[in-house]
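Trainee: I would like to go through some of the labels used for this protein and the reasons behind them.
Mentor: Go ahead.

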Amino acid sequence: LLIFFSLFAAMGGLFSISMPCDQVVNQVSRCLCTHESYIYSLSENLAALQKDIEVLKAKRDDVQRKVCREEFTGRRERLSQVQVWLTNVLNTENRFNDLFSTNNVELRRLCLCGLCSRNMKMSYIYGKRVVRMLKETTLVAKVDEMPVQPTIVGQETMVERVWTRLMEEGVEVVGMYGMGGVGKTTLLTQINNKFTETCGGGGGGGFEVVVSKSPEIHRIQGDIAKKLGLEGEEWGQKNENQRALEIHNVLKRRKFVLLLDDIWEKVNLKAVGVPHPSRQNGCKVAFTTRSRDVCGLGENTLKGHPDIPHLARKLAGKCCGLPLALNVIGETMACKMTVQEWRTAINHLSSYAAEFSGMEDEILPILKYSYDNLNTEQVKSCFLYCSLFPEDHRMEKERLIDYWMGFLDENQSRERALSLGYKIIGTLVRACLLLEEVINKEQVKMHDVVREMALWIASDLGKDKEKCIVQARGGLCEIPRIKNWSAVVRMSLMENEIEMVSGIPECSKLTTLFLQKNDSLIHISPDFLRCIPMLAVLDLSGNSSLRTLPEQISELVSLRYLDLSWTCIRRLPLGLLELKKLIHLRLDYMKRLKSVSGISNLLSLRKLQLLQSKMSLDMSLVEELQLLEHLQVLNISIKSSLVVEKLLYAPRLVKCLQVVVLRELEEESHRVLAFPGMDSLRKVIIRKCEMWEIKAERKTLSLTQGFPNLSSVHISSCNGLKDLTWLLFAPNITSLEVLESGLLEAIISQEKATSVAIPFQKLESLRLHNLATLKNIYWGPLPFPCLKTIHITECPELRKLPLDSQSVSRVEEFAIKYKEEDWFERVEWDDEGTKLRFLPFFKFFGPEWQVTYVR
């Protein structure tokens, strides 16, 4: 009864006194039960509410992360009802915090084992609020955590070591290496859970991907997509590149941890779409592997043996600065701890680099893309031909084109073939498959790794290595042993020490054979020549010990190119004169060659080179050359003024002249050398000749422009010449050397100059040496738009240079080189401005500076 009246008082007038008695009893009973629930169960209700609030908050965090991810990727926008729900959760959380802040006070009010309260009204109101909020928070949320196997003894320490290392600043990738069954996966799982505990619902993101042996990009992308919530119908329709882009767009603005389990080989993060972890983005990658090669040690490797750093630099040099090759080879060698492994790697790259780990799979296919984009099969064939030369070999453009004649149209003119050849070289240079030399623009070379790619393609992507045999500069003393000679198409054995070339099995497909610069080569057997009937290109140049060729060279019925220059062959075999398809014959610098009689039998001959050999052009040879109807290029040395006169008055031969060397012309009856206009002339060398004057014949200049293609002139030891005014008719000359001609007074004489042409507009290099009476180059200042160097030594009377302040536009590439200090001090200038402009470009070369002569 006391409890009832206390309760009644606490109700504060909830019941009407006018009620019948039974109704009052019923109402009080209901209130008492409710009151007892609000008060008696308060402690239990508060505990339940607190638990439900925690679950609700976890659910809120999950939804928030998913919403943010969808918005971040741009796939979906946040719905209004989602925002309302998130707002309601926030309000509920705030109300709970307010309610829970006084829970200790309310619980202390309870008495009689919680059945009553010292302030029934306050306890009733508080208890009722708790029950109402408990109903509002009846939500279920579940947080998944990866199951972990029972902890292995000592693994806690390993987890902490890996975790500490991974959290270090500057450490972006951590690899865990060990045999199967040692607990690598469990360790990675614990690292995953540690990230979950540490990062919670924050801004970071950690996800594990099990790779297992074959790192298939498509499957890895799918696993990551599930973790990021990217999977769906649209995702399944995308290719690998599109998937990679979408993954990258999500991850590039987030900190993430990528866990890769059971890696057996390199995983290309870029191909997957994962940004590479760095100090800047704060991302991490941890992986497990059974292969130590995957878990390369880098710095530890370099410290593994004192010789390894030197070998590493040598190996890096083989990459020639190509980042792709440096990256792949560096990754391959990172775990190689022995000197023997490094030396083996260098040997592989020096012989057949395609066998080097990673080369055939990762480097060569990428480089091949440039090759595949070449526009014609003709261009591709010309490119592959360049791989026959040794590493770093400088290839002369025109000689390269001569080799290519088999790929070019043989029926077209020499001029058109050259034009096409230079066009192909330009295409290859622009594609970065050939590199143009900086100093000598007439040479190209091939990057070592590009060369390896060309050899790989030439061998049918490594499937037929005997199709193209290249062992140039390989230290060979004999012909290499080949299992299948019938498969060989091209062979380069240049720059070796081969002594004899003897018989081989039938080699019916061989079309190119490079044997040049084998100084020990003394014999080529007849049987060998019989085995190569399809040979089109044979280069034997630079074999200084070779004195004879077998008559069986006539068996080479398909031969189109033959180079015997720099050999000691005394006479050409008669069998050579039977080569009806021979187009190009090079006989330069054959110091013992006595005769080329019978050369008119080479009916297809288009280019003959006979420079600086023991025999030179004589009257009978002039007669024979005129019988060669298809001759288009003639490079010749002449020692007789009578022969010069006969040659220059043979119109068809004059049209063929490209390089002319005049030596020791001493006949007193021919003191004036008159050159007719020659469109094809490119280079003139005049040495030890006693003529008084060189001039251009005016009767021919009306038909031509003199010497429009003449680019190089070398004159030395011509003591009768007083000027070189004829050079006014060579507007495109790029190199001029005048040496040891004691009576020369001027390069261009003002008295003799009748042409108004401005000389030397294309001149790049001018060299003047030991010209005791030379007073001027030209009588006034000249513009030199292309001039790079002037070399002046022992020219005491040359006081003024044809320069003013406007003469040279590209001064950053310009230099005036001199040897005598007293000459430099006597140089005269038209004005102070010219002096100040050019003084910084004078370069002193002391007594050690030597003059080299053109041979």
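Trainee: Why is aspartate 392 called partly exposed?
Mentor: This is a predicted model. The relative accessible area of aspartate 392 is 40%. Buried means under 20% and exposed means over 50%, so at 40% aspartate 392 is partly exposed. Aspartate 392 sits in the loop between helix H18 (377-385) and strand E7 (395-396), and has a positive phi of about 65° although it is not a glycine.

Trainee: What makes asparagine 104 partly exposed?
Mentor: Its relative accessible area is 47%. Exposed requires over 50% and buried under 20%, so asparagine 104 falls in between. Asparagine 104 belongs to helix H5 (residues 103-109).

Trainee: Why does arginine 570 count as partly exposed?
Mentor: The value for arginine 570 is 42% relative accessibility. Because exposed starts over 50% and buried lies under 20%, arginine 570 is partly exposed. Its place is the loop between strand E16 (561-563) and strand E17 (584-586).

Trainee: Which residues gather with Arg570 in a patch of positive charge on the surface?
Mentor: Arg547, Arg592, Lys594 and Lys614 join Arg570 there. Patch members need over 30% relative accessible area, so Arg570 at 42% passes that cut-off.

Trainee: How do you know that arginine 663 has no salt bridge?
Mentor: The nearest side chain of opposite charge, glutamate 664, is 5.9 Å away. A salt bridge needs a side-chain nitrogen within 4 Å of a carboxyl oxygen, and arginine 663, although buried, has none. Arginine 663 is in strand E20 (residues 657-663), and the residues it touches include Gln612, Arg687 and Lys688.

Definitions and conventions
Residues are numbered from 1 along each chain as its sequence is written. This is a predicted model: local features need pLDDT of at least 70, side-chain atom pairs count only at pLDDT 80 or more; totals for chains, interfaces and linings use all residues. Side-chain values use heavy atoms; hydrogens and water are left out. Patches are made of residues with over 30% relative accessible area and no salt bridge: like charges are joined within 9 Å, nonpolar side chains (Val, Leu, Ile, Met, Phe, Trp, Tyr) within 5 Å. Accessible areas come from the Shrake-Rupley method with a 1.4 Å probe; for residues, only the protein chains shown count as cover. Lys and Arg count as positive and Asp and Glu as negative; His and the chain ends are not counted. The place of a charge is taken as NZ of Lys, CZ of Arg, CG of Asp or CD of Glu. Helices (H or I, at least four residues) and strands (E, at least two) are DSSP runs, numbered from the N terminus. Buried means under 20% relative accessible area, exposed over 50%, partly exposed in between (1.4 Å probe, protein chains only). Contact means heavy atoms within 4.5 Å. Lists of a residue's contacts leave out its neighbours within four places in sequence.
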